[in-house]
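Subject: Structure for you to look at, with notes

Dear colleague,

I am handing over the structure we talked about, and my notes on it follow below. Please read them with the coordinates open.

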Amino acid sequence: MVISTIADTVLRQFENVQDAVNETLFEPVIRLGVTGLARSGKTVFITSLVANLLDRGRMPQLLAAAEGRIEAAFLQPQPDDTVPRFEYEAHLADLTGPAPEWPASTRAVSELRLSLRVRRGGLLSGFQGPRTIHIDIVDYPGEWLLDLALLEKSYADWSAQVLARIADRPEALAYLGQVAATDPTQPLEEPTAKALAHGFTAYLTAARDAGYYDCTPGRFLLPGDLAGSPVLTFAPLPGQGDGPRRSLLREMARRFEAYKAQVVRPFFRDHFSRIDRQVVLVDALGAIHKGPRAVEDMRLAMTDILGAFRPGRNAFLTQLFQGRRVDRILFAATKADHLHHTQHPRLTAIMLALVRGASDRAQFAGAETAAMAIASLRATTEDTMAHDGQTLDVVRGRLLDTGQVAAFYPGDLPSDPAHLLAPAQQGAETWLDQDYAVMNFAPSVLSLRPGDGPPHIRLDKAANFLIGDRL
Ligand SMILES: Nc1nc2c(ncn2[C@@H]2O[C@H](COP(=O)(O)OP(=O)(O)OP(=O)(O)O)[C@@H](O)[C@H]2O)c(=O)[nH]1
Ligand SMILES: [Mg+2]
C-alpha cells in the first residue's frame, strides 16, 4: 500500500515536470475531461463539440472563433498509446448520416486529440505567429468516480453498507436470497464466488435500469476487458473480520482490495489526476421523468461524484494532485432541446440544485464553476400552439420509435427547484401536481452548409467556458 502510494506520487511529479516542459517550450495541452452518469450524453457531446470546433460556423459564442483567430483545427493521434481512441468518425457518421441514429452506449474510457492553430488576441497579436494548442478530450463514465469512495472502505464496511442499502429493493431479492444461502466462512469454491458476482451484477444492472444511480463498483456494469477476471469476481457478503484462511469471505475481501489497487487507483492516477478542465453532464430531465426516487438517487450519486473534485477530502487524491487541480468545472444539463427555451433557466436551476455545492466555489478548492442547459445535438425545433384556449410553447421533432413528427409539451418545470427536490428527498413515490414526459426524438436529417457544424444549443458557450480563456 505504502509503496504503491509513493510510486504514484513520484510518477505524478515526473509527469508534472514533463507537462510543464512541454507547455513552456512547445505547445500547450489542455486536458478536457467529459463525464456524467450512464446515458447522460457524453458521446454525443464530444462528437458534436469536435465537429463544431472543426467547422466553426455555429460557434459565435466561442470568442476566439468569433474573432476569427482560429486559423485551423485538425485531429491528431492522441498522446496516450494505451487508451482507446474516441471513435469520432463512427459516431459522427451515426449522427449525421442519411439515416441519422444515436450512437451506441460506450463502455470505457477513450480519448481524442484535437489541435487548434490560434493567433493570439490583444497586444501580443502583432508580435507572435500562431500557436498550436492541443485539446485532449477524455471520455470516462461518471460511475468510475463513485468508486473513489471505495478506497476508504474495508471490504466488511462496504459489504455492510451495500447490504443495508439494498435490503428492501425488489431488484435485490434474488441476490439477497443467494447471500442467505451462502456461508461466507466456507472454503472458497470458485463457482460459488462466480455465481455471487453474477447475481450481484444482475442486481446492479436491474437497479440501474430501474433508475438507481448508486450502482458501484463502477466496473461491474462497464467491465470492458476486465470482464470475468478475479478483480471483478467478488460481491458483498455479511461477516466480521477476515474469515478463516482460504474461506470465501477472505478471498472476497482480497479481491475487493485488488479492485481498489488495480482498477480504481490506476484510473485516478492515469486519467483523473491529469485533467485540467472538466464538464459534468447531467440528464436532469431524464431523472425527473423517471420520478422522485430517481431524482433523489441522482442527487446522491452526483454528491458522491463531485466529492472527487474536492481533493482535500481524500488523502489519496491530495497526494496524487500535489497542489495541481481541475481549474474549471462546467455542469451542463443535457438534452435541453426537449424543452422550449423559455424553460431552460428552470432546467439549469434544477440541475444546480441537484449538484448543490457546485455554486459554492470554496467547495471546489477555488476551481471556477459554471452551469448551463445545453443540447449537444439539437433534434427539435420550437413552436407555439393553441391548446384549450391558451398558447403552449412546444418543441417539434421526429419520434424515435415511430418516425412520426410530433409536437411535444413536456410539462411545466417549477421555477423553484425545491418543488421537485423536496418531495424527492422525502421519499415521494410520484410527482403530485405534474407529470413530466420525456419523448425520445431521433436526430434530425441534416443538410449542413459548408463551414457549419451540427446544430446545438449553447455548445459554443460551453466551449468558451471550458477552453476559451486558453485560446
Ligand atoms: N434530443 C437530444 N437527445 C440527446 C442529446 N444528447 C444525447 N441525447 C440522447 O441521450 C442518449 C445518450 O447519449 P450518449 O451521448 O450516448 O450518452 P453517454 O453518456 O455517452 O451514454 P453511455 O455511453 O451509455 O454512458 C442518446 O442516445 C440520445 O437519445 C441531445 O443533445 N439532444
Ligand atoms: Mg457514451
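The notes below take the ligands, then the salt bridges, then the aromatic rings.

Please keep in mind throughout that this is a predicted model.

Ligands

The magnesium ion, ligand 2, is coordinated by the OG1 atoms of T43 and T106, at 1.9 to 2.0 Å. Because T43 lies in helix α2 (residues 42-54) and T106 in the loop between α4 (88-96) and β3 (110-118), this pair ties together parts that are 63 residues apart in sequence. With a relative accessible area of 8%, T43 is buried, whereas T106, at 30% relative accessibility, counts as partly exposed.

Both threonines appear again around ligand 1, which is surrounded by 17 residues, the closest being K42, T43, V44, S105 and T106. A polar side-chain atom of T43 lies 2.8 Å from an oxygen atom of ligand 1, and a polar backbone atom of G41 is 3.0 Å from an oxygen atom of that ligand. From another part of the sequence, S376 brings a backbone N or O atom to 3.0 Å from an oxygen atom of ligand 1. Of the 640 Å² of accessible area that ligand 1 has on its own, the protein covers 93%.

Salt bridges

The structure holds 23 salt bridges, and the one between R31 and D136 has its closest N and O atoms 3.8 Å apart. Since R31 lies in strand β1 (residues 29-36) and D136 in strand β4 (residues 131-139), the pair ties together parts that are 105 residues apart in sequence. Both R31 and D136 are buried, and they belong to a network of salt bridges that also links D80, E111, R113 and R274.

Two further salt bridges join residues that are neighbours in numbering: D209 with R208, where the closest N and O atoms are 3.9 Å apart, and D270 with R269, where the corresponding distance is 2.9 Å. D209 counts as exposed at 59% relative accessibility, while R208 counts as partly exposed at 24%; D270, with a relative accessible area of 26%, is partly exposed as well.

Aromatic rings

A search of the whole structure finds 19 aromatic pairs. In one of them, W158 and F234 meet edge-to-face, with 5.7 Å from centre to centre and 65 degrees between the planes. As W158 lies in helix α6 (residues 155-166) and F234 in the loop between α9 (218-221) and α10 (248-270), the pair ties together parts that are 76 residues apart in sequence. Both W158 and F234 are buried.

The rings of F200 and F220 have their centres 6.1 Å apart and their planes at 80 degrees, so this pair, too, is edge-to-face. It links distant parts of the chain, with F200 in helix α8 (residues 190-209) and F220 in helix α9, 20 residues apart. F200 and F220 are both buried. These four residues are part of one aromatic cluster, whose members also include Y155, Y175, Y203, F256 and Y259.

One loop position

Finally, G68 lies in the loop between α3 (63-66) and β2 (70-76), where, at 38% relative accessibility, G68 counts as partly exposed. G68 and R119 are 51 residues apart in sequence, and their C-alpha atoms are 8.6 Å apart in space.

With best regards

Technical notes:
Residues numbered from 1 in each chain as written. Chains lettered and ligands numbered in written order. Predicted model: local features only at pLDDT ≥ 70, side-chain atom pairs only at ≥ 80, totals over all residues. Heavy atoms only, no water. Salt bridge = Lys/Arg side-chain N within 4 Å of Asp/Glu carboxyl O. Helix = DSSP H or I, 4+ residues; strand = E, 2+ residues; numbered from the N terminus. Buried < 20%, exposed > 50% of the residue type's maximum accessible area, 1.4 Å probe, protein only. Donors = N, O, S within 2.8 Å, 3.2 Å for Na, K, Ca; no water. Near = heavy atom within 4 Å. Polar contact = N/O pair within 3.5 Å; in protein donor to acceptor, adjacent residues only side chain to side chain. Areas by Shrake-Rupley, 256 points an atom, 1.4 Å probe, with all protein chains shown as cover. Phe/Tyr/Trp six-rings, centres within 6.5 Å; stacked < 30°, edge-to-face > 60°.
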